[in-house]
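Here are my notebook entries from a look through this model. I began with the sheet, then went on to the cores and the salt bridges.

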Amino acid sequence: MINERMTEQIMSNRLIIGMDGGGTKTRVMVKERLEGEILFDQNFGMSNYNNIGVEGLRPVLREIYEALFSCFQELLQNAILVLGSAGVDRPKDVEIYLTALKESGFACQLEVVNDAEIALVGGNGDRKDALMIAGTGSIVVGIDSKGKIVRSGGWGGLISDECKSMTR
């Protein structure tokens, strides 16, 4: 979960790497700071491990690391990387992505969240309010003033989006 400490660090002049990992592609964007210009914006292969397996995830993340390293060299070590991906629902999911990122070369500060959370922050610029996504799947996520996340849906077609909810 993106917290206040991370938000403060993002405001400094560190590289900020945003990854939107999906079932069809992974978009990677880099900025020098939150309000800074875009330094890197490129699409890579799919990175949802629920679709490609953990073994399929590692080569994609390694390709991303190599592309970023060729552009930013040692600046990557002090970067902040936030990866949002569909299907990040349990601590096990977060650990799978964190391990794969580290094995791919990333040694910077890492954060892994559900893609609905990055959509919420990207849509309104802050960790507040609510967002509903209705597309191939559906999810509603909200964050209150104390940082509590409430969510409904987003569990995929096998479990059925309309009948499950989670609060953390």
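**Sheet.** I looked up the strand order first and found an open sheet of 5 strands, β3-β2-β1-β4-β5, with mixed pairing. Strands pair here if DSSP finds at least two bridges between them. Helices (H or I, at least four residues) and strands (E, at least two) are DSSP runs, numbered from the N terminus. β3 and β5 are the edge strands, each pairing on one side only. From one strand to the next, the twist averages 15°. I then checked β1 and β4, which pair in the parallel sense over 6 bridges; G21 has S85 in β4 as its bridge partner.

**Ground rules.** I noted that the model is predicted, so to speak with its own filter: local features need pLDDT of at least 70 and side-chain atom pairs pLDDT 80 or more, while totals for chains, interfaces and linings use all residues. Residues are numbered from 1 along each chain as its sequence is written, and side-chain values use heavy atoms, with hydrogens and water left out.

**Helices on the sheet.** α3 packs on the sheet and touches β1, β4 and β5 (contact is heavy atoms within 4.5 Å). Its direction makes about 145° with that of β5. Helix α4, residues 115-124, lies across β1, β4 and β5 at about 100° to β5. Angles run from 0 to 180 degrees between N-to-C directions, with axes fitted to C-alpha atoms, for helices over the stretch in contact.

**Cores.** A nonpolar core is a set of buried Ala, Val, Leu, Ile, Met, Phe, Trp, Tyr and Cys residues joined through side-chain atoms within 4.5 Å. Buried means under 20% relative accessible area, exposed over 50%, and partly exposed in between (1.4 Å probe, protein chains only). The largest core has 30 residues, and I17, M19, L81 and F106 are among those touching the most other members. α2 gives the most to this core, 9 residues. A second, separate core of 6 residues includes A116, V141, I143 and I149.

**Salt bridges.** My search of the whole structure gave 5 (a side-chain nitrogen of Lys or Arg within 4 Å of a carboxyl oxygen of Asp or Glu). R27 and D41 meet at 2.7 Å, N to O. R27 is in strand β2 and D41 in strand β3, so this pair ties together parts 14 residues apart in sequence. E55 and R58 meet at 2.5 Å, and with E103 they form a salt-bridge network. E55 is exposed at 59%, whereas R58 is partly exposed at 25%.
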